[in-house]
Amino acid sequence: MAITKNALIRYKTIDKCLQNPYRNWTLQDLMEACSDALYEFEGRDVNVSKRTVQLDLQVMRSDKLGYSAPIEVYERKYYRYSDPNYTITDIPLTETDMNVLSETMNMLKQFQDFSLFAEFKGILNKLEDKIYTEKNHKQAIIHLDKNTDLKGLQWLDELYQAILKEVVLKVMYQSFKAQYPSEFIFHPHLLKEYNNRWFLIGRKTESDRVLTFALDRILGIDYDFKTDYIPIGYDADTHYAHTIGVTVIEGRPQEVKFKVDRYNAPYVETKPFHSSQQLLERHADGSVSFSMQVHHNFELERLLLGFGDSLEVLKPKLLRRNIKRKLSSAAGLYL
């Protein structure tokens, strides 16, 4: 069954709508959402008809495209997925899909020796391994660190497209500390991964402050086509230049000095904590002292604490006191 680009946009738009449990979706709502999506992504100012959306729902319900979407009608006018975890993006790839991916992979490999693609060599290897193992039903040669239970990954593609197309979002969000969720207008700028967790970076309309939100705390996403998008006004590499993790601290970075014992020093030397890390001194007992220029944030403390008694923070004093206090508190749990 041949599928047009516009049809794919409608299917994906309907899929995203029905994944949002915080809104009741009528046929009229789905028509408007598809019309807005076509205008935003294709520049086509058209009104998607009732008949078109009804046919789209019928195709999605069927197995013509492999979707077999569990779309149901409730209260005689609202549409939703009977399985709240369903999405059309989770269906397995067909043999044709795998052949197309293989051809694309072979094309990309022709450019892997160019400097432009140097940083993507590892990604290409992982992608090639995944395509090969799926196509030949064999075990993976490259094993990736992944958390299949991680929440929020369903938003990745939608957020990526919103950033790419410069679309303003209505975000329903609930932090760990909040008793109730809140909704706000947000201008998305970046997606950042740290420690197997994804974050959305951007700003609100009323402030130029750069904000960070964890994807696993996002409860719903909608589009705001009436608000003008405010583009990124900062350089991402500069913004995170002195940051470990995603919590950016205002002001100048600090020099952090620390010493690692002889057993763990090789790991820290071959896999630096930060790009600014420098080796200061090799001691007689085999331990090694390092320094780096970073901001003092939560992620820095957690990283250093992870080495336990094999790492000593030498400076600054505040960081040293914080690490000492937390290690003492941790030791108290085992009395």
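1. Contacts of H189. In this predicted model, H189 touches I163, I201, G202, R203, Y229, I230, P231, I232 and Y234, leaving aside residues up to four places away in sequence. H189 itself is found in strand β4. One of its contacts, I163, is a buried residue of helix α6.

2. Burial and polar contacts of H189. Is H189 buried or exposed? The relative accessible area of H189 is 7%, and because the cut-off for buried is under 20%, H189 counts as buried. Its side chain has polar partners: it reaches the backbone oxygen of I230 at 3.0 Å, and a polar contact of 3.3 Å joins it to the side chain of Y234. Both I230 and Y234 also appear among the residues that H189 touches.

3. The buried face of α6. Helix α6 spans residues 156-165, and within it E158, L159, A162 and I163 are buried. Viewed down the axis of α6, these buried residues fall within an arc of 135 degrees, so they line one face of the helix.

4. Packing partners of α6. Which elements do the buried residues of α6 pack against? One helix is listed, α1 (5-19), together with the strands β3 (168-173), β4 (182-194), β5 (197-203) and β7 (218-224). Strand β4 is also where H189 is found. After α6 comes E166, whose phi is positive, near 55 degrees.

5. Aromatic groups. The structure holds 12 aromatic pairs. Y173, F184, F186 and F213 form one aromatic cluster. A member of that cluster, F184, also has a lysine over its face: K204 lies at 4.6 Å from the ring centre.

6. A second lysine over a ring. The charged end of K192 sits over the ring of Y240, at 4.5 Å from the centre of that ring. K192 falls within the residue range of β4 (182-194), the strand that contains H189.

7. The β1-β2 hairpin. Strands β1 (residues 71-74) and β2 (residues 78-81) run antiparallel and are joined by 4 bridges. In this pairing, I71 stands opposite Y81 in β2. The two strands form a hairpin with 3 residues between them. Which residue in the turn has a positive phi? That residue is E75, with a phi of about 55 degrees.

How values were computed
Residues are numbered from 1 along each chain as its sequence is written. This is a predicted model: local features need pLDDT of at least 70, side-chain atom pairs count only at pLDDT 80 or more; totals for chains, interfaces and linings use all residues. Side-chain values use heavy atoms; hydrogens and water are left out. Buried means under 20% relative accessible area, exposed over 50%, partly exposed in between (1.4 Å probe, protein chains only). The arc is that of the directions from the helix axis to the C-beta atoms. Contact means heavy atoms within 4.5 Å. Rings of Phe, Tyr and Trp (its six-membered ring) pair if their centres lie within 6.5 Å; planes under 30 degrees apart count as stacked, over 60 as edge-to-face and the rest as tilted. A charge sits over a ring if NZ of Lys or CZ of Arg is within 6 Å of the ring centre and within 35 degrees of the ring normal. A polar contact is a pair of N or O atoms within 3.5 Å; within protein, one must be able to donate a hydrogen and the other to accept it, and residues adjacent in sequence count only if both atoms are side-chain atoms. Two strands pair if DSSP finds at least two bridges between them.
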